[in-house]
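User: I would like to walk through this protein model step by step. Please keep the answers short.

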Amino acid sequence: MRVWLNGALLDADDARIAPGDRGFTLGDGLFETLAVRAGTISRLPAHLARLAAGAQVLGLPLPAFDLPQIAAALLQANGWSDAVLRLTVTRGVGPRGVLPPDQPSPTVLVTAAPMAAPGGPARLVTATVTRRNEHSPLSRIKSLNYLDNILARQEAHTLGADDALLLNTQGRLAESTIANVFLVLDGTLVTPPLGEGALPGVMRAEVLAHGAVERPVSVADLQAASEIFLTSSLGVRSVHELAGRALSSQAAADALRRDITP
């Protein structure tokens, strides 16, 4: 497999990250997951805007790079037309300690993987091992530190579920470990606001533009929802079970799959 690292197209086995890179030692960086279909990156402006917003939060200077050109080279080198791109930007090498260097030299890595077939309806549980901190500015960016998500996903796996819902510090819904969450409540499609700890997902924005509304979501709301589905940059996934309760409706998710371009 070929990857793109700091301006060079390399075999994955030959790509090297410096031992002192702050993305490796401290999780000091950002990432974006992007869908490529028929050679075109889906929702590229939204992804780049979110990356820039995250870089501003971290005070991380973004180097110039041409992602469509990089993607085209990666897809050609790997023989794919549909793929999932992972763009990772770290602050680069720094001295020991937490304080970033005054003049960082960021690391930029772009990898690609084949686009997998859509997953079937998901089984969810609600994580008990951790909470989403809606007060942290990191809840609004795609940082490299995903340890809370990892803990919750491990709990879900242990319970035989596909994913876990993360509650915030007030005990209300924030998101899942890898996706935004939408519910149908009394005929209205709702999702938690960003202030509740939800990540500003690019597909989430599309669903809001199609009439969904933002409002805090309680555990009681989750139990009363007639339909739940997940959204990410890779698409819409229905939920068929939450903590043992079956959910048979997929109407809203099916309508969005028809109306929203992948």
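User: In which sense do β11 and strand β12 pair?
Analyst: This is a predicted model. Strand β12 covers residues 213–214. Two bridges connect β11 with β12, and the sense of their pairing is parallel.

User: Which residue in β12 stands opposite Val190?
Analyst: Strands of a sheet pair through backbone hydrogen bonds, either parallel or antiparallel. For Val190, the residue standing opposite in β12 is Val213.

User: How many bridges join β10 to strand β11?
Analyst: Strand β11 spans residues 188–191. β10 and β11 run antiparallel. Leu185 has Thr188 as its bridge partner in β11. The number of bridges joining β10 to β11 is three.

User: Which residue takes a positive phi in the hairpin of β10 and β11?
Analyst: This hairpin has two residues between the strands. The phi in question is near 50°. The residue is Asp186.

User: What is the strand order in the open sheet of six strands?
Analyst: The pairing in this sheet is antiparallel. β2 (8–11) and β4 (40–41) stand at the edges. Each has a single partner strand, so one side of each lacks a neighbour in the sheet. The order is β2-β1-β6-β5-β3-β4.

User: Which residue in β2 does Trp4 stand opposite?
Analyst: Strand β1 covers residues 2–5. Four bridges join β1 to β2, and the two run antiparallel. Opposite Trp4 in β2 stands Leu9.

User: What is the bridge partner of Trp4 in β6?
Analyst: β1 and β6 run antiparallel, joined by two bridges. In β6, Trp4 has as its bridge partner Val110.

User: Which residue in the hairpin of β1 and β2 takes a positive phi?
Analyst: Two residues lie between the strands of this hairpin. The positive phi is near 50°. The residue that takes it is Asn6.

User: What angle does the direction of helix α2 make with that of β3?
Analyst: Helix α2 spans residues 44–58 and packs on the sheet. Its contacts there are with β3, β4 and β5 (83–90). With the direction of β3, the direction of α2 makes about 180°.

User: What angle does helix α3 make with β1?
Analyst: Helix α3 covers residues 67–78 and also packs on the sheet. It touches β1, β2, β3, β4, β5 and β6 (107–114). Its direction and that of β1 make an angle of about 155°.

User: Is Leu67 buried or exposed?
Analyst: Leu67 sits in helix α3. It touches Leu34, Ile41, Leu44, Leu48, Leu87 and Val110, leaving aside residues up to four places away in sequence. Its relative accessible area is 2%. Buried means under 20%, so Leu67 is buried.

User: How is the pair of Phe31 and Tyr146 classed?
Analyst: The structure holds two aromatic pairs. In this one the ring centres are 5.4 Å apart and the planes stand at 70°. Planes over 60 degrees apart count as edge-to-face, so the class is edge-to-face.

User: How many residues apart are Phe31 and Tyr146?
Analyst: Phe31 is in strand β3 (residues 29–37). Tyr146 is in the loop between β7 and α4. The pair links distant parts of the chain, and the separation is 115 residues.

User: Which of these words fits Tyr146: buried or partly exposed?
Analyst: Phe31 is buried, with a relative accessible area of 7%. For Tyr146 the relative accessible area is 23%. Buried means under 20% and exposed over 50%, so Tyr146 is partly exposed.

User: Which residue lies over the face of Phe31?
Analyst: The residue is 4.1 Å from the ring centre of Phe31. Its name is Arg86.

User: Where is Thr130, and which residue does its side chain contact in a polar way?
Analyst: Thr130 is in the loop between β7 (122–126) and α4 (147–158). Thr130 is buried, with a relative accessible area of 12%. Its side chain makes a polar contact at 2.6 Å with the side chain of Asp148.

Technical notes
Residues numbered from 1 in each chain as written. Predicted model: local features only at pLDDT ≥ 70, side-chain atom pairs only at ≥ 80, totals over all residues. Heavy atoms only, no water. Buried < 20%, exposed > 50% of the residue type's maximum accessible area, 1.4 Å probe, protein only. Polar contact = N/O pair within 3.5 Å; in protein donor to acceptor, adjacent residues only side chain to side chain. Phe/Tyr/Trp six-rings, centres within 6.5 Å; stacked < 30°, edge-to-face > 60°. Lys NZ or Arg CZ within 6 Å of the ring centre and 35° of its normal. Pairing = 2+ DSSP bridges. Contact = heavy atoms within 4.5 Å. Axes fitted to C-alpha atoms, helices over the stretch in contact; angles between N-to-C directions.
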